[in-house]
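Me: I am new to this structure and would like a close look at a single part of it. Please take me through the sheet and the core packed with it, in one connected answer.

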Amino acid sequence: MIPLSMRVPVESGYVFPAGAMCLSVEPAKDFKLRGHDDDQMRDDNGVRVWHVKVLDLDPEAGKFGRSKEVRVKVSAPHQPVPPSPAVPGYPPLVAFEGLTLTPWVDQQKCKASGQCRAQLAWSLRATGMVAAVASPAMAGL
């Protein structure tokens, strides 16, 4: 039996073949803890979870109404710090360590009228963020 919380390990370059630029890092909120002094989400091991927002540099990423901005949940005891940018004035290129994908069904496009355009979506989790090493796909940018 396949568990519902299946996490598929993947290389960062597989998910972001053209690279990813770090836009922001902020604590992930646990809405069950709303109103508490510390409402930050924790993973299964009690480690703090951070949302790292990146811009997917793949030209195909923004097609079909999808956003080029992607959030990756990073479990770390302290807030991940993006690397220094290679080009001043631009966000740094990043890669993720321990990256996993978890499939889930996005039902936001289902209507009460019975019309449903649910689609498969992916949750991205990682254990760390590092400076990206330039790949052949990134060389064309």
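Reply: What follows begins with the whole protein, then turns to the sheet, the core and two residues beside them.

This is a predicted model, in which local features need pLDDT of at least 70 and side-chain atom pairs count only at pLDDT 80 or more, while totals for chains, interfaces and linings use all residues. Residues are numbered from 1 along each chain as its sequence is written, and side-chain values use heavy atoms, with hydrogens and water left out.

The mean pLDDT (the predictor's confidence in each residue, from 0 to 100) is 86 for the protein, and 87% of its residues reach 70 or more. Among the elements, strand 5 has the highest mean pLDDT, 97, and helix 2 (residues 136-139) the lowest, 50. Where pLDDT is low, the predicted coordinates should not be read in detail.

The protein has two helices and eight strands, these being DSSP runs numbered from the N terminus, with H or I over at least four residues for helices and E over at least two for strands. Read from the N terminus, the elements run β-α-β-β-β-β-β-β-β-α.

Eight strands form an open sheet with mixed pairing, in the order 1-6-7-4-3-2-5-8, where two strands pair if DSSP finds at least two bridges between them. Strand 1 (8-9) and strand 8 (128-131) stand at the edges with a single partner strand each, so one side of each is left without a neighbour in the sheet. Strand 4 illustrates the mixed pairing: with strand 3 it pairs in the antiparallel sense over seven bridges, and with strand 7 in the parallel sense over three bridges. In the pairing with strand 3, Val54 has Val70 of strand 4 as its bridge partner, and His51 has Lys73 of strand 4. Lys73 also has a bridge partner in strand 7, namely Arg125.

The largest nonpolar core has 20 residues; such a core is a set of buried Ala, Val, Leu, Ile, Met, Phe, Trp, Tyr and Cys residues joined through side-chain atoms within 4.5 Å. Buried means under 20% relative accessible area, exposed over 50%, and partly exposed in between (1.4 Å probe, protein chains only). The residues with the most contacts inside this core are Phe16, Val52, Val54, Val72, Phe96, Leu99 and Leu124. Two or more core residues come from each of strand 2 (20-27), strand 3 (49-56), strand 4 (69-75), strand 5 (93-97) and strand 7 (119-126). Not counting residues up to four places away in sequence, Val72 touches (contact means heavy atoms within 4.5 Å) Phe16, Trp50, His51, Val52, Phe96, Leu99, Leu124, Arg125 and Ala126.

Two further residues touch some of these partners of Val72. Ser12, in helix 1 (residues 12-15), counts as buried because its relative accessibility is 7%. Leaving out residues up to four places away in sequence, Ser12 touches Ala95, Phe96 and Leu99, and its side chain reaches the backbone nitrogen of Phe96 at 3.0 Å. Gly98, by contrast, lies in the loop between strand 5 and strand 6 (100-106) and counts as partly exposed because its relative accessibility is 47%. With residues up to four places away in sequence again left out, Gly98 touches Arg125, Ala126 and Thr127. Gly98 and Val10 are 88 residues apart in sequence, yet 7.8 Å apart in space, C-alpha to C-alpha.

Key: A polar contact is a pair of N or O atoms within 3.5 Å; within protein, one must be able to donate a hydrogen and the other to accept it, and residues adjacent in sequence count only if both atoms are side-chain atoms.
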